[in-house]
Amino acid sequence: MRLKAENVFKPGAYPEYTYVSRNYENTGISYELRLKQALRTAGCLTSLIGPSKMGKTILCEKVIGFDNIVEISGADFNSNTDFWAIVAAKVGLPYKGELTTEREVNEGNSKETDSKSEKYVLAKDTVIQYYKEHDKVLVIDDFHYASKEMQTKMAQQLKDAIRRELKVVVVSLPHRADDAIRQNADLSGRLSLINIEAWEKKDLKEIALKGFKQLDIKITDEVAEQLAVECLTSPQLMQYICLSICTLLEDKNEHIVNFDMLEMAYKFTTVNFNYYDVVNVMSKGPNPRGKKRNLYKTLDGKELDLYGLIVESLAKNPPIMELDFDTVYDRIINLIPKTEGKPDRNSVKSHLNNLQTILKEKEEIYKAIEWKDGKVYVLDPLFLFYLRWGRMNG
Ligand SMILES: Nc1ncnc2c1ncn2[C@@H]1O[C@H](COP(=O)(O)OP(=O)(O)OP(=O)(O)O)[C@@H](O)[C@H]1O
Ligand SMILES: [Mg+2]
C-alpha cells in the first residue's frame, strides 16, 4: 500500500519513516548509541538537555521503544504529589489504596458479612522492582515544568532510586534547566550528561530526501538544500514544510518539488503558527508615552520607527539565528534609501536594549529573540520563519 504524506512527515509526533540519526558532538557515534550507552550504565541518571523541538522526546522514544518507555511530564508534579504514586500509576500499579476483604460470619442462624477495609501502601521497592523486571525506563520529560520544590524532592528520590538501578532519563530545556539534577552535589558522579544540539543542514536535508523518496516524489539536492536553509535548525519545521509541499502537490496531481513552489509552500506552512502578537509587540516597542518617534521611509514604501526596522532586519536573507550587531545594523541601513537620514549605531543599540527589557517580562512565547553580549539570538526558529513568510505583505 502506498504511504500517505501525513504518515511520512510528522511535525508533531514520532516520525517513523523520516527519522534521521545524527552524530553526537562529532564523536563519530550517534545520539542513539550515546543514549543507549548511558542507559546501560548502572547506577547513573541520564540528564538530557536541549532547546525546544530539537528531538529530545523523539530520541528517547527511538532508543527506549514504545513498549519500554514510561513517559511522565514534569507538569504532572505539583507540590502535593507523591512521586512514587505517579511513577507506580503510570505502569498501572496500585500504590496507595484501600483493600476490602469480606468474611462470612456465622452467628447462630443469621449469616452476616463482615467487610474489613485496610489501607495499604505499596513500597517504593516494589515499584522499582516492577520497572526492572519489565525493562521499563522512566523518562521525566519537561522536568522544568515541575515546581522548584518538587524538583528538589524528585532529585532526592531519584538519587536513591538509581542506586537501586532504576533507569531514569530526565529531559529539560537549557538555561532554566534542571539545576536540581545537574548542580546537585549528591548526584555528582552519578550523572550521564547528554546535550542535544541544534540541527545541521545536512541532517535536516536528509529528512526531506528520505520522506519524498518514500512517497515517490522527486526532489533535487539543490531544492532540499534550500529547504534546509529555510527551516533554520528545526527538524520540526522541516517536517511541517515537507507536509505542506505534499498537500500542494497532491492538489495539482504533481510529483516533483521544484523551486517555484517553495515560496507558496512556506507561506502555506505559516498558517500553523501564530506569532502575530509577538511581532506586534516587538514592532511597537515600549509605550512611547506621547513622545514622537523618528520614522524612516523604507525602500519598499513603508514608514517604520527603529523597532519596526529591527524586526524587519531579522527577516532578511539569509535567515540566521545569531546576528552580530554589525549585521543587524547593516541590514537596517540597507532597508532605507541612500538619500534618507540614517539612524546612528548607539540609537539602534539602545532600542535593542529596550526591546530586550520588554520581552524579558512577557510570557514564554515572546522570548523568541534575545539581545545579549552584542548579538541578537533568535531563540525560536518557528518565529523567524513566521517573520519571513507569515506576514501579509512580508
Ligand atoms: N531524529 C529525528 N528525525 C526526524 N525528525 C525529527 C527527529 N527528531 C525530531 N524530529 C521532528 O521534530 C519534532 C519535535 O521533536 P521532539 O518533540 O522530540 O522535540 P523536543 O526536543 O522534545 O521538544 P520540546 O522541548 O518542546 O519537548 C518531532 O515531532 C519530529 O517531527
Ligand atoms: Mg519533548
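# Legends for the close-up views

**Proline 318 sits in the loop that runs from H13 to strand S12 (322-324).** Helices (H or I, at least four residues) and strands (E, at least two) are DSSP runs, numbered from the N terminus. The peptide bond between asparagine 317 and proline 318 is cis, with omega at about -15°. Before moving on, please note that this is a predicted model, in which local features need pLDDT of at least 70, side-chain atom pairs count only at pLDDT 80 or more, and totals for chains, interfaces and linings use all residues. Residues are numbered from 1 along each chain as its sequence is written, chains are lettered from A and ligands numbered from 1 in the order in which they are written, and side-chain values use heavy atoms, with hydrogens and water left out.

**The whole chain sets the scene, with 16 helices and 14 strands.** The radius of gyration is 27 Å, well over the 21 Å that the globule rule gives for 394 residues, so the protein chain is more spread out than a compact globule. That radius is taken over C-alpha atoms, and the rule is 2.2 Å times the number of residues to the power 0.38. The C-alpha trace spans about 110 × 60 × 50 Å along its principal axes. Among contacts (heavy atoms within 4.5 Å) with a separation of 6 or more, 68% link residues 24 or more positions apart. The accessible surface comes to about 21,200 Å², and carbon and sulfur atoms hold 47% of that area. Areas come from the Shrake-Rupley method with a 1.4 Å probe; for residues, only the protein chains shown count as cover.

**Charged side chains number 56 positive and 58 negative.** Lys and Arg count as positive and Asp and Glu as negative, while His and the chain ends are not counted. Placing each charge at NZ of Lys, CZ of Arg, CG of Asp or CD of Glu, the centres of the two sets lie 4 Å apart.

**Helix H13 (residues 306-314) is mostly covered.** Nine of its nine residues are buried, where buried means under 20% relative accessible area, exposed over 50%, and partly exposed in between (1.4 Å probe, protein chains only). The buried set includes Tyr307, Ile310 and Glu312. For the chain of 394 residues, the buried share is 45%. At the N-terminal end of H13, aspartate 305 acts as a cap, with a side-chain oxygen 3.0 Å from the backbone nitrogen of tyrosine 307.

**Lysine 316 belongs to the loop between H13 and S12.** With a relative accessible area of 34%, lysine 316 is partly exposed. Leaving aside neighbours within four places in sequence, lysine 316 is in contact with Arg331, Leu335 and Arg388. For a sense of scale, the C-alpha atoms of lysine 316 and lysine 159 are separated by 49 Å, with their positions 157 residues apart along the chain.

**Arginine 388 is part of helix H16 (residues 381-389).** Arginine 388 is buried, at 7% relative accessible area. Its side chain makes a polar contact of 2.7 Å with the side chain of glutamate 230, and also reaches the backbone oxygen of lysine 316 at 3.1 Å. A polar contact is a pair of N or O atoms within 3.5 Å; within protein, one must be able to donate a hydrogen and the other to accept it, and residues adjacent in sequence count only if both atoms are side-chain atoms.

**Phenylalanine 273 occupies the loop between helix H11 (262-270) and helix H12 (276-284).** Phenylalanine 273 counts as buried, at 8% relative accessibility. Beyond its neighbours within four places in sequence, phenylalanine 273 is in contact with Leu237, Tyr240, Leu382, Phe385 and Tyr386. Leucine 382 is 109 residues away along the chain, yet its C-alpha atom and that of phenylalanine 273 are separated by 7.5 Å.

**Aspartate 135 and aspartate 142 are worth a look in a Ramachandran plot.** Aspartate 135, although not a glycine, has a positive phi of about 55°. It is found in the loop between helix H5 (124-133) and strand S5 (137-141), and is exposed with a relative accessible area of 54%. Aspartate 142, also not a glycine, has a positive phi of about 45°. This residue is found in the loop between S5 and helix H6 (148-163) and counts as partly exposed at 25% relative accessibility.

**Asparagine 184 lies in the loop between helix H7 (179-182) and strand S7 (191-195).** With 18% relative accessible area, asparagine 184 is buried. Setting aside neighbours within four places in sequence, asparagine 184 is in contact with Ala155 and Asp179.
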